[in-house]
Amino acid sequence: MFTLDDIGRIITGKTPPTSVQAYFNGDIPFVTPSDMDGRKVISATERYLTEAGVEAVKGAKLPKGAVMVSCIGSDMGKVALAGKDCVTNQQLNSIIVNEDHCPHYVYYNLSSRKNELRSLAGSGSAQPILNKGHFSQLTMCCPPLKEEEEAIARVLSALDDKIELNRRMNETLDAMARALFKSWFVDFDPVRAKAEGRTPYGMDAETATLFPSTFEDSDLGEIPKGWSVSTLGDIAKISKAILSPNDFPNEEFDHFSIPAFDERKYPALELGEEIQSNKFVIEGNAALVSKLNPRIFRAWTVFAPRQRRSIASTEFIIYHPKQQNLWSLLNCLVRSDDIIAEFQSHATGTSGSHQRVRPEDTLSFSCVLSTEKIHEIFERTCSFYLRQIDQNIEQSQTLASLRDLILPKLLSGELSVQDARRKIAEVV
(Lines give C-alpha, C1' and ligand atoms only; values in the text may rest on other atoms or scores of the structure.)
Protein backbone atom coordinates (compact mmCIF):
# COMPACT_ATOMS: atom_id res chain seq x y z
CA MET A 1 0.00 0.00 0.00
CA PHE A 2 1.39 3.40 -1.01
CA THR A 3 0.40 7.00 -0.38
CA LEU A 4 0.38 9.39 -3.33
CA ASP A 5 3.39 11.03 -1.70
CA ASP A 6 5.23 7.71 -2.08
CA ILE A 7 4.23 7.41 -5.73
CA GLY A 8 5.32 10.84 -6.90
CA ARG A 9 5.66 14.57 -6.28
CA ILE A 10 2.40 16.42 -5.57
CA ILE A 11 1.92 19.87 -7.09
CA THR A 12 -0.97 22.28 -6.65
CA GLY A 13 -1.55 24.56 -9.62
CA LYS A 14 -1.57 28.32 -9.62
CA THR A 15 -3.51 30.61 -11.94
CA PRO A 16 -1.14 32.85 -13.92
CA PRO A 17 -1.76 36.61 -13.91
CA THR A 18 -4.36 37.47 -16.55
CA SER A 19 -2.91 40.97 -16.97
CA VAL A 20 -0.16 39.52 -19.16
CA GLN A 21 -2.05 38.56 -22.31
CA ALA A 22 1.02 36.88 -23.81
CA TYR A 23 0.53 34.05 -21.30
CA PHE A 24 -2.50 32.89 -23.24
CA ASN A 25 -1.00 32.81 -26.73
CA GLY A 26 1.80 30.28 -26.51
CA ASP A 27 2.27 26.54 -26.90
CA ILE A 28 1.77 25.22 -23.36
CA PRO A 29 -1.77 24.27 -22.31
CA PHE A 30 -3.28 25.88 -19.21
CA VAL A 31 -5.58 23.17 -17.85
CA THR A 32 -8.59 23.86 -15.59
CA PRO A 33 -11.45 21.53 -14.52
CA SER A 34 -13.62 22.78 -17.39
CA ASP A 35 -11.07 21.35 -19.84
CA MET A 36 -11.43 17.88 -18.28
CA ASP A 37 -14.24 16.74 -20.57
CA GLY A 38 -13.79 12.98 -20.44
CA ARG A 39 -10.59 12.84 -22.45
CA LYS A 40 -7.97 10.62 -20.88
CA VAL A 41 -5.13 12.74 -22.28
CA ILE A 42 -5.24 16.54 -22.55
CA SER A 43 -2.74 18.05 -24.96
CA ALA A 44 -4.58 21.24 -25.89
CA THR A 45 -7.05 23.65 -24.29
CA GLU A 46 -8.69 26.88 -25.33
CA ARG A 47 -6.15 28.84 -23.30
CA TYR A 48 -2.39 28.67 -23.55
CA LEU A 49 0.74 30.00 -21.87
CA THR A 50 4.05 31.06 -23.36
CA GLU A 51 7.33 29.76 -22.05
CA ALA A 52 7.75 33.10 -20.29
CA GLY A 53 4.40 32.55 -18.62
CA VAL A 54 5.47 29.17 -17.30
CA GLU A 55 8.44 30.79 -15.57
CA ALA A 56 5.99 33.14 -13.83
CA VAL A 57 4.02 30.16 -12.48
CA LYS A 58 6.81 28.84 -10.33
CA GLY A 59 6.49 25.24 -9.23
CA ALA A 60 3.30 24.57 -11.19
CA LYS A 61 4.76 23.36 -14.46
CA LEU A 62 3.87 19.74 -15.14
CA PRO A 63 5.71 17.39 -17.47
CA LYS A 64 4.01 15.16 -20.00
CA GLY A 65 2.49 12.17 -18.22
CA ALA A 66 1.59 13.98 -14.99
CA VAL A 67 -1.74 12.89 -13.49
CA MET A 68 -4.08 15.84 -12.91
CA VAL A 69 -6.98 15.62 -10.43
CA SER A 70 -9.68 18.22 -9.83
CA CYS A 71 -9.99 18.74 -6.06
CA ILE A 72 -12.62 21.42 -5.57
CA GLY A 73 -16.38 21.92 -5.86
CA SER A 74 -18.76 20.20 -8.25
CA ASP A 75 -15.88 19.16 -10.54
CA MET A 76 -14.26 17.17 -7.73
CA GLY A 77 -12.71 13.89 -8.87
CA LYS A 78 -12.09 14.56 -12.55
CA VAL A 79 -8.83 12.93 -13.65
CA ALA A 80 -6.69 13.37 -16.78
CA LEU A 81 -3.16 12.84 -18.03
CA ALA A 82 -1.01 15.68 -19.33
CA GLY A 83 -0.36 14.97 -23.01
CA LYS A 84 2.45 17.54 -23.06
CA ASP A 85 4.10 19.94 -20.64
CA CYS A 86 1.37 22.10 -19.12
CA VAL A 87 0.29 24.21 -16.16
CA THR A 88 -2.92 24.09 -14.14
CA ASN A 89 -4.91 26.37 -11.89
CA GLN A 90 -5.23 25.93 -8.13
CA GLN A 91 -8.32 23.75 -8.46
CA LEU A 92 -6.11 20.85 -9.51
CA ASN A 93 -3.63 18.76 -7.55
CA SER A 94 -1.27 16.80 -9.79
CA ILE A 95 1.15 13.92 -9.36
CA ILE A 96 4.47 13.73 -11.17
CA VAL A 97 4.77 9.95 -10.96
CA ASN A 98 8.21 8.57 -10.12
CA GLU A 99 10.00 5.98 -12.24
CA ASP A 100 8.87 3.06 -10.05
CA HIS A 101 5.23 3.42 -11.08
CA CYS A 102 3.18 3.75 -14.26
CA PRO A 103 1.34 7.09 -14.72
CA HIS A 104 -1.46 5.38 -16.67
CA TYR A 105 -2.04 2.94 -13.79
CA VAL A 106 -2.23 5.86 -11.34
CA TYR A 107 -4.68 7.58 -13.68
CA TYR A 108 -7.00 4.56 -13.81
CA ASN A 109 -6.79 3.98 -10.07
CA LEU A 110 -7.80 7.55 -9.26
CA SER A 111 -10.43 7.78 -11.99
CA SER A 112 -12.38 5.00 -10.24
CA ARG A 113 -12.45 6.83 -6.89
CA LYS A 114 -14.49 9.97 -7.51
CA ASN A 115 -16.88 9.35 -4.62
CA GLU A 116 -13.99 8.64 -2.25
CA LEU A 117 -12.28 11.90 -3.22
CA ARG A 118 -15.53 13.77 -2.56
CA SER A 119 -15.93 12.16 0.86
CA LEU A 120 -12.37 13.07 1.86
CA ALA A 121 -13.10 16.70 1.01
CA GLY A 122 -15.95 16.71 3.53
CA SER A 123 -19.28 18.49 3.35
CA GLY A 124 -18.75 21.26 5.85
CA SER A 125 -18.63 24.06 3.28
CA ALA A 126 -20.52 25.10 0.19
CA GLN A 127 -17.33 24.58 -1.83
CA PRO A 128 -15.66 21.32 -0.68
CA ILE A 129 -11.91 21.30 -1.14
CA LEU A 130 -9.45 18.42 -0.97
CA ASN A 131 -6.24 20.20 -0.03
CA LYS A 132 -2.76 19.14 -1.01
CA GLY A 133 -1.96 17.66 2.40
CA HIS A 134 -4.98 15.34 2.52
CA PHE A 135 -4.65 14.51 -1.16
CA SER A 136 -1.01 13.46 -0.77
CA GLN A 137 -1.94 10.98 1.98
CA LEU A 138 -4.50 9.16 -0.17
CA THR A 139 -3.48 5.50 -0.29
CA MET A 140 -3.24 3.31 -3.37
CA CYS A 141 -2.77 -0.44 -3.73
CA CYS A 142 -0.25 -1.27 -6.47
CA PRO A 143 1.07 -4.56 -7.88
CA PRO A 144 4.58 -5.54 -6.76
CA LEU A 145 6.06 -4.87 -10.19
CA LYS A 146 5.80 -1.81 -12.42
CA GLU A 147 5.40 -4.17 -15.39
CA GLU A 148 2.14 -5.44 -13.89
CA GLU A 149 0.88 -1.85 -13.56
CA GLU A 150 1.75 -1.28 -17.21
CA ALA A 151 -0.02 -4.47 -18.33
CA ILE A 152 -3.22 -3.45 -16.53
CA ALA A 153 -3.00 0.05 -17.97
CA ARG A 154 -2.55 -1.28 -21.52
CA VAL A 155 -5.73 -3.36 -21.25
CA LEU A 156 -7.79 -0.39 -20.10
CA SER A 157 -6.09 1.97 -22.55
CA ALA A 158 -7.19 -0.21 -25.47
CA LEU A 159 -10.80 0.64 -24.58
CA ASP A 160 -10.12 4.33 -24.02
CA ASP A 161 -8.17 4.58 -27.27
CA LYS A 162 -11.18 3.27 -29.19
CA ILE A 163 -13.51 5.66 -27.35
CA GLU A 164 -11.20 8.55 -28.21
CA LEU A 165 -11.02 7.40 -31.85
CA ASN A 166 -14.84 7.38 -31.97
CA ARG A 167 -14.91 10.89 -30.51
CA ARG A 168 -12.53 12.19 -33.19
CA MET A 169 -14.44 10.36 -35.93
CA ASN A 170 -17.68 11.95 -34.71
CA GLU A 171 -16.12 15.40 -34.78
CA THR A 172 -15.13 14.78 -38.41
CA LEU A 173 -18.53 13.35 -39.39
CA ASP A 174 -20.35 16.23 -37.70
CA ALA A 175 -18.12 18.74 -39.49
CA MET A 176 -18.87 17.05 -42.83
CA ALA A 177 -22.63 17.16 -42.23
CA ARG A 178 -22.56 20.79 -41.13
CA ALA A 179 -20.33 21.79 -44.06
CA LEU A 180 -22.76 20.24 -46.53
CA PHE A 181 -25.70 21.98 -44.85
CA LYS A 182 -23.89 25.33 -44.90
CA SER A 183 -22.95 24.91 -48.56
CA TRP A 184 -26.49 24.08 -49.71
CA PHE A 185 -28.74 26.04 -47.35
CA VAL A 186 -26.68 28.97 -46.04
CA ASP A 187 -24.07 29.90 -48.67
CA PHE A 188 -26.18 28.50 -51.56
CA ASP A 189 -23.03 27.32 -53.33
CA PRO A 190 -24.79 25.14 -55.97
CA VAL A 191 -27.05 28.05 -56.94
CA ARG A 192 -24.15 30.49 -57.15
CA ALA A 193 -22.18 28.04 -59.27
CA LYS A 194 -25.07 27.64 -61.74
CA ALA A 195 -25.60 31.43 -61.82
CA GLU A 196 -21.96 31.79 -62.89
CA GLY A 197 -22.23 29.02 -65.47
CA ARG A 198 -20.21 26.52 -63.45
CA THR A 199 -21.04 22.95 -62.50
CA PRO A 200 -21.74 22.69 -58.74
CA TYR A 201 -18.74 21.12 -57.04
CA GLY A 202 -19.02 17.46 -56.06
CA MET A 203 -22.57 17.10 -57.35
CA ASP A 204 -23.96 14.80 -60.02
CA ALA A 205 -25.85 16.30 -62.95
CA GLU A 206 -29.23 14.96 -61.85
CA THR A 207 -28.97 16.60 -58.41
CA ALA A 208 -27.64 19.85 -59.92
CA THR A 209 -30.79 20.22 -62.04
CA LEU A 210 -32.86 20.50 -58.86
CA PHE A 211 -31.15 23.74 -57.83
CA PRO A 212 -32.21 27.06 -59.40
CA SER A 213 -29.69 29.35 -61.07
CA THR A 214 -31.09 32.69 -59.88
CA PHE A 215 -31.94 34.45 -56.62
CA GLU A 216 -34.87 36.50 -55.34
CA ASP A 217 -35.32 38.95 -52.47
CA SER A 218 -36.74 37.86 -49.12
CA ASP A 219 -36.95 39.05 -45.51
CA LEU A 220 -33.60 37.34 -44.95
CA GLY A 221 -31.96 38.84 -48.02
CA GLU A 222 -31.34 37.05 -51.30
CA ILE A 223 -32.39 33.40 -51.36
CA PRO A 224 -32.58 30.91 -54.25
CA LYS A 225 -35.57 31.49 -56.50
CA GLY A 226 -38.51 29.31 -55.53
CA TRP A 227 -37.22 28.65 -52.01
CA SER A 228 -39.02 30.01 -48.94
CA VAL A 229 -38.33 31.74 -45.65
CA SER A 230 -39.72 29.52 -42.91
CA THR A 231 -39.28 28.88 -39.19
CA LEU A 232 -37.93 26.08 -37.05
CA GLY A 233 -41.53 25.38 -36.09
CA ASP A 234 -42.38 24.61 -39.72
CA ILE A 235 -40.10 21.57 -39.74
CA ALA A 236 -40.02 20.50 -36.07
CA LYS A 237 -42.25 19.92 -33.09
CA ILE A 238 -41.23 19.95 -29.43
CA SER A 239 -41.90 16.87 -27.32
CA LYS A 240 -42.54 17.19 -23.60
CA ALA A 241 -43.50 13.61 -22.79
CA ILE A 242 -42.39 12.94 -19.20
CA LEU A 243 -41.19 9.75 -17.56
CA SER A 244 -40.26 9.00 -13.94
CA PRO A 245 -37.32 6.56 -14.25
CA ASN A 246 -37.65 5.73 -10.57
CA ASP A 247 -40.90 3.93 -11.41
CA PHE A 248 -38.76 1.45 -13.37
CA PRO A 249 -35.96 0.81 -10.85
CA ASN A 250 -34.42 -2.20 -12.62
CA GLU A 251 -34.61 -0.87 -16.19
CA GLU A 252 -31.49 0.51 -17.87
CA PHE A 253 -31.88 3.85 -19.65
CA ASP A 254 -29.75 5.85 -22.05
CA HIS A 255 -29.69 9.11 -20.09
CA PHE A 256 -28.85 12.17 -22.19
CA SER A 257 -27.84 14.69 -19.53
CA ILE A 258 -25.81 17.88 -19.41
CA PRO A 259 -23.05 16.29 -17.25
CA ALA A 260 -22.87 13.35 -19.70
CA PHE A 261 -22.52 15.76 -22.62
CA ASP A 262 -19.84 17.83 -20.88
CA GLU A 263 -17.85 14.89 -19.51
CA ARG A 264 -17.99 12.22 -22.21
CA LYS A 265 -20.16 13.16 -25.23
CA TYR A 266 -22.22 9.97 -24.94
CA PRO A 267 -25.26 9.26 -22.73
CA ALA A 268 -24.92 7.70 -19.30
CA LEU A 269 -26.15 4.13 -18.95
CA GLU A 270 -28.13 4.22 -15.69
CA LEU A 271 -30.72 2.19 -13.83
CA GLY A 272 -34.07 3.82 -13.16
CA GLU A 273 -33.48 3.67 -9.41
CA GLU A 274 -30.37 5.84 -9.86
CA ILE A 275 -32.31 8.64 -11.58
CA GLN A 276 -34.41 10.51 -9.03
CA SER A 277 -36.10 13.27 -11.04
CA ASN A 278 -38.51 13.21 -13.98
CA LYS A 279 -37.03 13.14 -17.49
CA PHE A 280 -38.22 13.75 -21.01
CA VAL A 281 -38.83 10.66 -23.14
CA ILE A 282 -37.10 10.59 -26.53
CA GLU A 283 -39.50 8.91 -28.92
CA GLY A 284 -37.96 8.40 -32.34
CA ASN A 285 -35.33 10.37 -34.24
CA ALA A 286 -34.62 13.67 -32.52
CA ALA A 287 -32.39 16.67 -32.11
CA LEU A 288 -31.68 17.73 -28.52
CA VAL A 289 -30.55 21.27 -27.67
CA SER A 290 -29.88 22.58 -24.17
CA LYS A 291 -32.04 25.53 -23.13
CA LEU A 292 -29.71 26.14 -20.16
CA ASN A 293 -26.87 28.63 -20.60
CA PRO A 294 -26.90 28.74 -24.43
CA ARG A 295 -23.57 30.58 -24.40
CA ILE A 296 -22.24 27.01 -23.91
CA PHE A 297 -23.98 25.34 -26.84
CA ARG A 298 -24.90 21.69 -26.30
CA ALA A 299 -26.69 19.53 -28.86
CA TRP A 300 -27.21 15.78 -29.29
CA THR A 301 -28.22 13.85 -32.39
CA VAL A 302 -30.42 10.85 -31.49
CA PHE A 303 -31.24 8.11 -33.97
CA ALA A 304 -33.94 5.61 -32.97
CA PRO A 305 -34.55 2.91 -32.13
CA ARG A 306 -31.70 2.36 -29.65
CA GLN A 307 -31.00 -0.72 -27.57
CA ARG A 308 -32.67 0.86 -24.53
CA ARG A 309 -35.26 3.53 -23.89
CA SER A 310 -33.78 7.00 -24.18
CA ILE A 311 -34.51 9.81 -21.74
CA ALA A 312 -33.17 13.35 -21.46
CA SER A 313 -32.71 16.01 -18.85
CA THR A 314 -35.57 18.51 -18.79
CA GLU A 315 -32.90 21.15 -19.47
CA PHE A 316 -32.93 19.92 -23.08
CA ILE A 317 -35.44 20.84 -25.78
CA ILE A 318 -36.51 17.69 -27.62
CA TYR A 319 -37.17 18.40 -31.30
CA HIS A 320 -38.74 15.77 -33.54
CA PRO A 321 -38.94 16.38 -37.32
CA LYS A 322 -42.46 16.77 -38.70
CA GLN A 323 -41.34 14.68 -41.68
CA GLN A 324 -38.67 11.98 -41.52
CA ASN A 325 -36.87 13.37 -44.57
CA LEU A 326 -36.19 16.52 -42.50
CA TRP A 327 -34.35 14.80 -39.64
CA SER A 328 -30.82 15.53 -40.92
CA LEU A 329 -31.81 19.04 -41.96
CA LEU A 330 -33.20 19.67 -38.46
CA ASN A 331 -30.05 18.40 -36.74
CA CYS A 332 -27.80 20.54 -38.92
CA LEU A 333 -30.08 23.55 -38.64
CA VAL A 334 -30.03 23.66 -34.83
CA ARG A 335 -26.21 23.52 -35.00
CA SER A 336 -25.91 26.33 -37.56
CA ASP A 337 -24.27 29.61 -36.57
CA ASP A 338 -27.46 31.60 -37.14
CA ILE A 339 -29.62 29.39 -34.92
CA ILE A 340 -26.94 29.23 -32.21
CA ALA A 341 -26.88 33.05 -32.24
CA GLU A 342 -30.68 33.07 -31.93
CA PHE A 343 -30.50 30.78 -28.89
CA GLN A 344 -27.95 33.03 -27.25
CA SER A 345 -29.85 36.25 -27.97
CA HIS A 346 -33.11 34.85 -26.56
CA ALA A 347 -31.63 33.75 -23.22
CA THR A 348 -33.32 35.27 -20.19
CA GLY A 349 -32.31 35.38 -16.54
CA THR A 350 -30.04 37.54 -14.44
CA SER A 351 -27.40 34.95 -13.65
CA GLY A 352 -24.89 33.96 -16.31
CA SER A 353 -24.90 30.42 -14.97
CA HIS A 354 -28.70 30.01 -14.98
CA GLN A 355 -29.91 31.68 -18.13
CA ARG A 356 -32.46 29.78 -20.20
CA VAL A 357 -34.28 29.95 -23.51
CA ARG A 358 -38.05 29.44 -23.64
CA PRO A 359 -38.58 26.36 -25.86
CA GLU A 360 -41.66 27.87 -27.53
CA ASP A 361 -39.67 30.95 -28.58
CA THR A 362 -37.25 28.81 -30.59
CA LEU A 363 -40.00 27.66 -32.96
CA SER A 364 -40.08 31.18 -34.43
CA PHE A 365 -36.38 31.16 -35.37
CA SER A 366 -36.05 31.78 -39.12
CA CYS A 367 -34.59 29.40 -41.68
CA VAL A 368 -34.62 28.88 -45.44
CA LEU A 369 -36.27 25.80 -46.93
CA SER A 370 -35.73 24.49 -50.44
CA THR A 371 -37.84 21.85 -52.19
CA GLU A 372 -38.96 18.42 -51.04
CA LYS A 373 -36.73 16.66 -53.58
CA ILE A 374 -33.63 18.55 -52.42
CA HIS A 375 -34.54 17.78 -48.82
CA GLU A 376 -34.81 14.09 -49.67
CA ILE A 377 -31.39 14.03 -51.34
CA PHE A 378 -29.86 15.92 -48.42
CA GLU A 379 -31.42 13.39 -46.03
CA ARG A 380 -30.00 10.43 -47.97
CA THR A 381 -26.55 11.99 -48.02
CA CYS A 382 -26.34 13.51 -44.57
CA SER A 383 -28.18 10.85 -42.57
CA PHE A 384 -25.28 8.47 -43.29
CA TYR A 385 -22.97 10.78 -41.30
CA LEU A 386 -25.45 11.29 -38.47
CA ARG A 387 -26.31 7.59 -38.15
CA GLN A 388 -22.62 6.74 -38.01
CA ILE A 389 -22.21 9.33 -35.24
CA ASP A 390 -25.00 7.67 -33.27
CA GLN A 391 -23.52 4.19 -33.83
CA ASN A 392 -20.14 5.43 -32.59
CA ILE A 393 -21.82 6.92 -29.53
CA GLU A 394 -23.50 3.60 -28.76
CA GLN A 395 -20.23 1.73 -29.18
CA SER A 396 -18.37 4.17 -26.93
CA GLN A 397 -21.08 3.77 -24.33
CA THR A 398 -20.68 -0.04 -24.45
CA LEU A 399 -16.89 0.19 -24.25
CA ALA A 400 -17.04 2.62 -21.32
CA SER A 401 -19.44 0.32 -19.45
CA LEU A 402 -17.06 -2.60 -19.99
CA ARG A 403 -14.10 -0.50 -18.85
CA ASP A 404 -15.93 0.60 -15.69
CA LEU A 405 -16.89 -3.02 -15.01
CA ILE A 406 -13.43 -4.56 -15.31
CA LEU A 407 -11.41 -1.63 -13.93
CA PRO A 408 -11.96 -2.32 -10.19
CA LYS A 409 -11.59 -6.06 -10.76
CA LEU A 410 -8.24 -5.55 -12.51
CA LEU A 411 -7.00 -3.17 -9.82
CA SER A 412 -8.00 -5.56 -7.03
CA GLY A 413 -6.56 -8.65 -8.77
CA GLU A 414 -9.98 -10.31 -8.96
CA LEU A 415 -9.64 -10.33 -12.77
CA SER A 416 -6.42 -11.27 -14.56
CA VAL A 417 -5.05 -9.33 -17.50
CA GLN A 418 -5.57 -12.36 -19.74
CA ASP A 419 -9.23 -12.75 -18.75
CA ALA A 420 -9.80 -9.01 -19.25
CA ARG A 421 -8.38 -9.21 -22.75
CA ARG A 422 -10.76 -12.07 -23.56
CA LYS A 423 -13.75 -10.03 -22.36
CA ILE A 424 -12.66 -7.06 -24.48
CA ALA A 425 -12.18 -9.27 -27.55
CA GLU A 426 -15.82 -10.37 -27.25
CA VAL A 427 -16.96 -6.74 -27.61
CA VAL A 428 -14.41 -4.99 -29.84
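The exercises below deal with strands and backbone angles in a predicted model.

Residues are numbered from 1 along each chain as its sequence is written, and side-chain values use heavy atoms, with hydrogens and water left out. Because the model is predicted, local features need pLDDT of at least 70 and side-chain atom pairs count only at pLDDT 80 or more, whereas totals for chains, interfaces and linings use all residues.

**Exercise 1.** Decide how strand E9 (residues 92-97) sits in the structure: is it enclosed or not?

Solution.
Step 1. Fix the terms. Strands (E, at least two residues) and helices (H or I, at least four) are DSSP runs, numbered from the N terminus. Buried means under 20% relative accessible area, exposed over 50%, and partly exposed in between, with a 1.4 Å probe and protein chains only.
Step 2. Recall that side chains in a regular strand alternate between the two faces of the sheet.
Step 3. Check each face. Leu92, Ser94 and Ile96 lie on one side of E9, Asn93, Ile95 and Val97 on the other, and all are buried.
Step 4. Conclude. Six of the six residues of E9 are buried, so the strand is largely enclosed by the rest of the structure.

**Exercise 2.** Find which strands pair with E9, and in which direction they run.

Solution.
Step 1. Two strands pair if DSSP finds at least two bridges between them.
Step 2. Strand E2 (residues 8-12) is joined to E9 by five bridges, and the two run antiparallel. In this pair, Thr12 stands opposite Asn93.
Step 3. Strand E6 (residues 67-70) also runs antiparallel to E9, with four bridges. Here Val67 has Ile95 as its bridge partner, and Ser70 stands opposite Leu92.

**Exercise 3.** Describe E6: what covers its faces, and which strand E7 residue partners Val67?

Solution.
Step 1. Val67 and Val69 on one side of E6 are buried, as are Met68 and Ser70 on the other.
Step 2. Three bridges connect E6 with E7 (residues 79-82), again antiparallel.
Step 3. In E7, Val67 is partnered by Leu81.

**Exercise 4.** Locate unusual backbone angles.

Solution.
Step 1. Most residues other than glycine have a negative phi, and most peptide bonds are trans.
Step 2. Phe188, not a glycine, has a positive phi of about 55 degrees. Phe188 is in the loop between helix H6 (146-185) and helix H7 (189-195), and at 5% relative accessibility it counts as buried.
Step 3. Lys265 has a positive phi near 65 degrees. At 34% relative accessibility, Lys265 counts as partly exposed.
Step 4. A cis peptide bond, with omega about 0 degrees, joins Ala304 and Pro305. Pro305 lies in the loop between strand E20 (299-302) and strand E21 (309-312).
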